[in-house]
Amino acid sequence: MADSISSLPIDDSTSSSTASTGQRRAHGYRDILKSTALIGSATAINIGIGIIRTKAMAMLLGPAGYGVMGTFGQITDLARTVAQLGINSSGVRQIADAVASNDQRHIARTVHVLRFVSIACALIGAAGLAIFAKPIAALTFGSADHASAMWWLALAVFFGLITGGQGALLQGMRRIPEMAKLAVIGGLMGLVVGVPLVYFYGSTGIAPSLTASAACLALASWWYTRRIELDRPAMKLVEILKESGTLFKLGLAFLVSGFLMQGAAYVVRIVILQHDGADAAGFYQAAWTLGGLYAGVVLQALGTDFYPRLVGVAHSNEECNRTINEQAQISLLLAIPGLVATISLAPLIITLFYSEAFHASVEILRWICIGMALRVFIYPVGYLVVARNKQVLFFLMDAAWCVANVLLTWWLVDWIGTMGAGLAYAASYGLHALLVYFAARKLSDFQWSRSTFRTACYGASTVTVAFFAVEILPPIWAYIVAIGVTMLCSIVSLRSLLELVSPQRQTGALRYLLKLGKVIS
């Protein structure tokens, strides 16, 4: 079985394929693995930090307090999404285009406009949340008791928008090492600054801890972007406002989409809060955090490096489709072992990260992992719509997902309880995957390569076996089967990843791992 599966990711080539095509594919796979390894290493460190931080917060706050913290975070994300007007995502695209042109003046002007707009949006966003603190608190929690916390969150929004603008600059220039370091600093600040505030002040320290962490991250982002050497362009305010229009026009679709996505997540939490209470919101928040923990390694690397690369080849259907297939294949091979392990060992992972009081999160976590597998698979295809600047289509696809997620959550939570929110997440991403695929077919005549399709089948089968094993079999047999599947897919993924890299470019360590993988399998 292992031999037949392990051959699945080798990219299909016909007798007419040229050597240069093969070299280009191997080079593409190496670039993806290199950037993923860099971002992944930073995220792995963050996972270690996150284990400590999450455990501490869960023990200090309990399920109800942890649910409040998750809701505060969602309010902050939603306010930041609205206030930034989509300029972070559009800024990445504009800077990537400017860098591709090698025009230093163009790059400098684009960066200057992005920084100016980021500061303006940060001020407006913070002021808006502060002004509407009481209505937002009343809408979310049923009373205005948390209004003072909203004022702290307004500051978190300000610092978050500053960080977002600086991050867009780093990402557009593909400064992957700096972004990796920034990710580690973000996790470390949440631990070093956030936990002590909650320890000393209890639940009243939640909002200040989020604000203090955001401030430290903003300072770190400024430190890294100040090292980028660019001539300061002589631009009048009228010129800045004129060029800002391009950012806002491009960012409109990102704004609406981001608002819908964050708004849907916010509504889901309100549904759970009002239907099952604060404890249930804590269970969902715990499962949501863990479900995205490992997949976040892949998704963060995907968004950090893949998007600027895809923008650079957006003019060519052939190059777009090749790049997307490569990214989807690598992403699946990296994500599947971790997601299968999370499904298999969900009770142990919940206890490790939180406590036995969060056991109700187990079923929610398993369904969220299925949704994450679908998300990892389809996300590279979705970026095609963004790279081609099809704003209306981009909005319609995200709107469809949001509507499906909210309606399914409302129905399923009322029917089967909080677990329904996890099932709704998985089902909505199944529908989203179909929409994205058909949209890509229209845009670039996209289709999956045979190797990517085989990898998807391999991923689907391992996730399905692990899920039904832990749901149907007696506990001891469930763990035996699920752990066996986890070990098998880990070996297969490792061997497949190594085979995707040209043997001539492998280091001694990689060649040794490849031989070891063949022996084991």
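These questions and answers cover a predicted model of one protein chain.

User: How many helices and strands does the protein chain have?
Analyst: The chain has 521 residues, and 56% of them count as buried. Its secondary structure holds zero strands, and the helices come to 18.

User: Among contacts between residues at least 6 apart in sequence, what share joins residues at least 24 apart?
Analyst: The set is limited to pairs in the protein chain at least 6 apart in sequence. Of these contacts, those that join residues at least 24 apart make up 82%.

User: Which helix gives the largest share of the largest nonpolar core?
Analyst: The largest nonpolar core has 139 residues. Among those with the most contacts inside it are Phe72, Ile343 and Val381. The largest share of this core is 17 residues, and it comes from helix H13 (residues 361-387).

User: Which residues of H16 are in contact with Ile343, leaving aside its neighbours within four places in sequence?
Analyst: Ile343 is in contact with Arg366, Cys369 and Ile370, and also with Val463, Ala466, Phe467 and Val470. Helix H16 spans 450-472. Its buried residues include Val463, Ala466, Phe467 and Val470. The H16 contacts of Ile343 are therefore Val463, Ala466, Phe467 and Val470.

User: What span does H16 reach from its first C-alpha to its last?
Analyst: H16 has 23 residues. At 1.5 Å a residue, 33 Å is expected. The model comes close to that, at 32 Å.

User: Is Ile472 buried or exposed?
Analyst: Ile472 lies in helix H16. Its relative accessible area is 62%. The cut-off for exposed is over 50%, so Ile472 is exposed.

User: Which helix gives the largest share of the nonpolar patch that holds Ile472?
Analyst: The patch is formed by Val465, Phe468, Ile472, Leu473, Ile476, Trp477, Ile480 and Val481, with about 770 Å² of accessible area together. Helix H16 (450-472) and helix H17 (475-500) each give two or more residues. The largest share is four residues, from H17.

User: Is Gln74 buried or exposed?
Analyst: Gln74 has its place in helix H2 (residues 19-84). Leaving aside neighbours within four places in sequence, Gln74 is in contact with Gln262, Ala265, Tyr266 and Arg269. Its relative accessible area is 7%. Buried means under 20%, so Gln74 is buried.

User: What share of the exposed area of the protein chain do carbon and sulfur atoms supply?
Analyst: The protein chain exposes about 22,700 Å². Carbon and sulfur atoms supply 66%.

Terms used: Residues numbered from 1 in each chain as written. Predicted model: local features only at pLDDT ≥ 70, side-chain atom pairs only at ≥ 80, totals over all residues. Heavy atoms only, no water. Buried < 20%, exposed > 50% of the residue type's maximum accessible area, 1.4 Å probe, protein only. Contact = heavy atoms within 4.5 Å. Patch = residues over 30% accessible without salt bridge, like charges linked within 9 Å, V, L, I, M, F, W, Y side chains within 5 Å. Areas by Shrake-Rupley, 256 points an atom, 1.4 Å probe, with all protein chains shown as cover. Salt bridge = Lys/Arg side-chain N within 4 Å of Asp/Glu carboxyl O. Core = buried A, V, L, I, M, F, W, Y, C linked by side-chain atoms within 4.5 Å. Expected span 1.5 Å × (residues − 1).
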